[in-house]
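This report describes strand pairing, helix packing and selected backbone features of one protein model. The sequence and structure are shown first.

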Amino acid sequence: MQPQVDIAIIGAGLAGATTANHLAASGAKVCVLEKSRGAGGRMATRRTENQLRFDHGAQYFTVRDPRFKAAAENWEKQGHIALWQGRIVEWAEGGLIDKTNDQRYVATPAMNVLCKETLADLPLLTRAEVKSLQRVNNRWQLIGKEGELLCDADWVISTAPAEQTAAIMIASKQILQAAAEVRMLPCWAAMIAPENPLDALQFDGAFINEGPLRWVARNSSKPGRDPSQETWVLHAGPDWSKAHWENERDSVAADLWLNFSNMVGSNAVKPSVAIAHRWRYALAEAVHAERCLIDRNLRLAACGDWCGGPRVEGAFLSGLETAEQLLAC
Ligand SMILES: Cc1cc2nc3c(=O)[nH]c(=O)nc-3n(C[C@H](O)[C@H](O)[C@H](O)COP(=O)(O)OP(=O)(O)OC[C@H]3O[C@@H](n4cnc5c(N)ncnc54)[C@H](O)[C@@H]3O)c2cc1C
């Protein structure tokens with residue numbers, strides 16, 4: 001028997017987890033449908049065969065809005081997040097420019113834990129990719145890849161990235177138009193465990209403004225990670241990612257590591273693990289002006305980091321505002 005709920009939420013990233021949590025706390029019967037194997041979305045963690053863990057999506061988050069601050073204080077008390085005390089720099093040929101001024105938080109012991117904890121007591125269907133919505137008896141049927149019925153709901157909220165939301169929300173002109181205007185940029189990510197630690201490097205995270213890379217991080221320097229095995233995450237910029245989109249994963253991981261090694265002068269260090277992941281929708285180039293899109297006639301809504309503000313904080317605020325507006329309906 002498929003779940004019959006008040007509100008079905010597509011996507012178990014932070015926007016979906018936040019929306020579901022707030023709606024459920026106010027008594028709504030919700031169900032979250034997620035196409036991948038678990039919660040987290042782009043707050044992602046990859047576990048390798050030899051039990052190494054890499055945060056290969058969002059690296060950290062900053063906290064500015066008072067509502068996000070209140071949530072973050074709560075998560076910190078519960079041990080779900082912690083401050084990353086690593087040295088963050090901007091890599092410049094002339095030397096390193098310190099960027100440790102911002103407070104940067106990470107979920108512990110892995111980035112995906114925050115969404116998992118937020119959804120811990122809520123109904124979550126994983127490996128449930130919503131392909132379309134059908135209107136039947138004034139309710140929505142959420143249909144999966146094989147044409148199967150996944151869930152039946154009064155309202156549907158999509159928190160998928162803009163282009164994926166546009167594909168699902170074709171019934172709502174308002175949501176479709178807004179989602180179709182947002183372009184999301186790609187990113188190739190490489191996860192590397194070097195054979196020997198790069199002890200000589202005087203930083204744990206670096207913004208890079210030239211060449212293929214835009215960001216590198218010593219993943220193992222984050223709180224709650226295993227410091228005994230050094231791990232690195234490298235992110236390529238959108239132009240390089242686009243130009244090398246069809247390349248083999250192994251060759252992308254090798255290229256990015258080579259580039260990084262040459263840059264920091266450690267090319268004698270070989271990787272014992274080198275994996276690449278392709279993010280088709282990493283970050284919105286420019287976000288839609290509103291934090292949430294609600295089509296009250298059709299009982300459809302959309303939110304996420306492409307609505308009102310980018311990144312982890314934007315995803316949280318967008319999810320929160322969507323829940324608040326629906327509860328006020
Ligand atoms: C490489 C990279 C680096 C980043 N670095 C940072 C950073 O350092 N700091 C920062 O603040 N932010 C960073 N971000 C951005 C941050 O990860 C996102 O802004 C935030 O996690 C978005 O949350 P969300 O809930 O809006 O979307 P998502 O996390 O993308 O969640 C949407 C979910 O919907 C699911 N889904 C999609 N389509 C369907 C469907 N049809 N059916 C069912 N489920 C579906 C997806 O699988 C996904 O789990 C980074 C992102 C990437 C990719």
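Strand 1 and strand 2 (residues 30–33) pair in parallel through four bridges. Strands (DSSP runs of E, at least two residues) and helices (H or I, at least four residues) are numbered from the N terminus, and two strands pair if DSSP finds at least two bridges between them. The model is a predicted one, in which local features need pLDDT of at least 70 and side-chain atom pairs count only at pLDDT 80 or more, while totals for chains, interfaces and linings use all residues. Residue numbers start from 1 along each chain as its sequence is written.

**Strand 1 and its partners**

Within the pairing of strands 1 and 2, alanine 8 has cysteine 31 of strand 2 as its bridge partner. The chain passes from strand 1 through helix 1 (residues 14–25) to strand 2, and this β-α-β crossover is right-handed (with the strands pointing away from the viewer, the path from the first strand over the helix to the second runs clockwise). Strand 1 (residues 4–10) also runs parallel to strand 12 (residues 149–158), to which six bridges join it. One of the bridged pairs consists of isoleucine 10 and serine 158 of strand 12. Five of the seven residues of strand 1 are buried. A residue is buried if 20 or more other C-beta atoms lie within 10 Å of its own, exposed if 12 or fewer, and partly exposed in between, with C-beta atoms placed from the backbone.

**Strands 10, 11 and 12**

Strand 12 pairs with strand 11 as well, in the antiparallel sense and over four bridges; glutamine 141 is bridged there to aspartate 152. On its other pairing, strand 11 (residues 139–143) is joined to strand 10 (residues 132–136) by five antiparallel bridges, and arginine 135 has tryptophan 140 as its bridge partner. Both pairings are hairpins: two residues separate strand 10 from strand 11, and five separate strand 11 from strand 12. In the turns, asparagine 137 has a positive phi of about 50 degrees, and glycine 147 has one of about 80 degrees.

In a regular strand the side chains alternate between the two faces of the sheet. Strand 11 shows such alternation: Trp140 and Leu142 point to one face and are buried, whereas Arg139, Gln141 and Ile143 point to the other and are not.

**The seven-stranded sheet**

An open sheet of seven strands with mixed pairing has the order 7-6-14-15-16-13-17. Strand 7 and strand 17 (271–284) are its edges, each pairing on one side only. Neighbouring strands are turned against each other by 20 degrees on average, direction ignored. Helix 7 (residues 249–264) packs on this sheet, where it touches strand 13, strand 15 (213–218), strand 16 and strand 17, and its direction makes about 100 degrees with that of strand 17. Within the sheet, strand 13 (residues 184–194) and strand 16 (residues 232–236) are antiparallel and joined by four bridges, with methionine 191 opposite valine 233.

Isoleucine 97 belongs to strand 7 (residues 95–98). This residue is exposed because 11 other C-beta atoms lie within 10 Å. Apart from neighbours within four places in sequence, isoleucine 97 is in contact with Val89, Glu90 and Ala92 (contact: C-beta atoms, placed from the backbone, within 7 Å).

**Helix packing**

Two packed helices are described by the angle between their axes and the distance between the axes. Axes are lines fitted to C-alpha atoms, for helices over the stretch in contact, and angles run from 0 to 180 degrees between N-to-C directions.

| Helix pair | Axes come within | Crossing angle |
|---|---|---|
| Helix 1 and helix 8 | 8 Å | roughly 30 degrees |
| Helix 2 (residues 66–77) and helix 8 | 10 Å | roughly 100 degrees |

The angle of roughly 30 degrees makes helix 1 roughly parallel to helix 8. The angle of roughly 100 degrees makes helix 2 roughly perpendicular to helix 8. Angles under 35 degrees count as roughly parallel, over 145 as roughly antiparallel, 65 to 115 as roughly perpendicular and the rest as oblique. At the interface of helix 2 with helix 8, Arg67, Phe68 and Ala71 meet Glu313, Phe316, Leu317 and Leu320.

**Backbone features**

Arginine 311, in helix 8 (residues 311–327), has a positive phi of about 70 degrees although it is not a glycine. Glutamine 51, also not a glycine, has a positive phi of about 65 degrees and is found in the loop between strand 3 (46–47) and strand 4 (53–54). The peptide bond from threonine 108 to proline 109 is cis, with omega near 0 degrees.

Terms used. Two residues are in contact if their C-beta atoms, placed from the backbone, lie within 7 Å.
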